[in-house]
Amino acid sequence: ESDDLPFDAVMDAGGHIHVAYTQMGTGALRVIKLAYLNGGWAPQTAVTIYDTASSTNKYPSIARDSYNRLWAAWTRDDAGAITLRAKSSTDDGATWGTGATDAGTDLSGSVSSVYARLVSRPTHLHCLYTVGASEARHRKIDLDAALWDAADVLYTGAGLGSNITGGVAPDGRL
């Protein structure tokens with residue numbers, strides 16, 4: 001069961017949908033695949049992206065890259081230590097990173113608040129995110145590499161929150 005928090009979804013070329021959400025009561029970050037069959041969607045078994053007894057994992061963003069890997073980024077709140085985490089699945093969402101207790105990559109360091117949006121381009125995965133309601137940042141990973149680039153500050157100001165979004169223009173620009 002999903003908590004009363006935002007979720008995110010991504011659809012593949014076959015019409016299958018992966019929905020990332022926070023599990024009610026546990027704070028675990030989960031994903032469920034809705035397999036497209038005969039004109040409708042059939043829910044598959046939900047899988048845990050990340051779970052520990054000490055953290056709440058919320059505000060997920062999910063994307064599929066050009067190699068057909070799934071990626072998730074989310075806000076991890078571990079008793080007030082808030083970080084932006086990211087990890088991937090190479091088997092269509094059956095396993096994430098090295099498993100459910102793998103916290104993934106820390107993209108933000110400890111911050112007061114963080115919200116993210118993943119955007120996939122042919123050669124890179126981009127993570128746009130807000131930090132502390134006062135900065136918009138960007139990190140990317142080359143899809144043929146294993147490390148995220150350092151963060152770029154895109155904007156400094158006020159009033160930034162969970163409504164960050166992004167997209168790819170027809171000419172390929174972010």
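This section describes the fold of the chain and the surroundings of selected residues in a predicted model.

The secondary structure of the chain consists of 13 strands and 0 helices. From the N terminus on, the elements therefore read β-β-β-β-β-β-β-β-β-β-β-β-β, each element being a DSSP run. The C-alpha trace spans about 50 × 45 × 30 Å along its principal axes. The radius of gyration of the chain is 16 Å, which agrees with the value near 16 Å for a compact globule of 174 residues. Of the 174 residues, 44% are buried. The accessible surface comes to about 8500 Å², and carbon and sulfur atoms account for 51% of this surface. Among the contacts with a separation of 6 or more, 39% are between residues 24 or more positions apart.

An open sheet is formed by 4 strands in the order β10-β11-β12-β13, with antiparallel pairing. Strands β10 (114-120) and β13 (152-156) stand at the edges and have a single partner strand each, so one side of each is left without a neighbour in the sheet. On average, neighbouring strands of this sheet are turned by 20 degrees against each other, direction ignored. Strands of a sheet pair through backbone hydrogen bonds, in either a parallel or an antiparallel arrangement.

Within this sheet, strand β12 (residues 135-142) runs antiparallel to β13 and is joined to β13 by 4 bridges. Ala 136 stands opposite Tyr 155 in β13. Glu 135 also belongs to strand β12. With a relative accessibility of 18%, Glu 135 counts as buried, because the cut-off for a buried residue is under 20%. A polar contact of 2.6 Å links the side chain of Glu 135 to the side chain of Arg 137. Beyond its neighbours within four places in sequence, Glu 135 is in contact with Tyr 129, Thr 130, Val 153, Tyr 155, Thr 156 and Leu 160.

The loop between β12 and β13 contains Ala 150. In contrast to the buried Glu 135, Ala 150 is exposed, with a relative accessible area of 60%. When residues up to four places away in sequence are not counted, Ala 150 touches His 138 and Arg 139. The C-alpha atoms of Ala 150 and Ser 108 are 9.9 Å apart in space, while the two residues are 42 residues apart in sequence.

Strands β7, β8 and β9 are connected through further antiparallel pairings. Strand β7 (residues 70-78) is joined to β8 by 9 bridges. In this pairing, Arg 76 stands opposite Thr 83 in β8. The hairpin of β7 and β8 has 2 residues between the strands, and Ala 79 in this hairpin takes a positive phi near 55 degrees. On β8, 2 bridges lead to strand β9 (residues 105-106), and Asp 106 in β9 is the bridge partner of Arg 85. Of the 9 residues of strand β8 (residues 81-89), 8 are buried, so the strand is largely enclosed by the rest of the structure.

Ser 61 lies in strand β6 (residues 55-64). The relative accessible area of Ser 61 is 0%, and the residue is buried. The side chains of Ser 61 and Arg 117 are joined by a polar contact of 3.3 Å. Leaving aside neighbours within four places in sequence, the contacts of Ser 61 are Asp 8, Trp 71, Ala 72, Ala 73, Ala 116, Arg 117 and Leu 118. Of these contacts, Trp 71, Ala 72 and Ala 73 fall in the residue range of β7, and Ala 116, Arg 117 and Leu 118 fall in that of β10.

Positive phi values also occur at two asparagines. For Asn 38, phi is near 50 degrees, a positive value in a residue other than glycine. Asn 38 is placed in the loop between β3 (29-37) and β4 (40-43) and counts as exposed at 86% relative accessibility. For Asn 68, phi is near 75 degrees, again a positive value in a residue other than glycine. Asn 68 sits in the loop between β6 and β7. With a relative accessible area of 46%, Asn 68 is partly exposed, as this value does not reach the range of over 50% required for an exposed residue.

Methods: Residues are numbered from 1 along each chain as its sequence is written. This is a predicted model: local features need pLDDT of at least 70, side-chain atom pairs count only at pLDDT 80 or more; totals for chains, interfaces and linings use all residues. Side-chain values use heavy atoms; hydrogens and water are left out. Two strands pair if DSSP finds at least two bridges between them. Axes are lines fitted to C-alpha atoms, for helices over the stretch in contact, and angles run from 0 to 180 degrees between N-to-C directions. Buried means under 20% relative accessible area, exposed over 50%, partly exposed in between (1.4 Å probe, protein chains only). A polar contact is a pair of N or O atoms within 3.5 Å; within protein, one must be able to donate a hydrogen and the other to accept it, and residues adjacent in sequence count only if both atoms are side-chain atoms. Contact means heavy atoms within 4.5 Å. The radius of gyration is taken over C-alpha atoms; the globule rule is 2.2 Å times the number of residues to the power 0.38. Accessible areas come from the Shrake-Rupley method with a 1.4 Å probe; for residues, only the protein chains shown count as cover.
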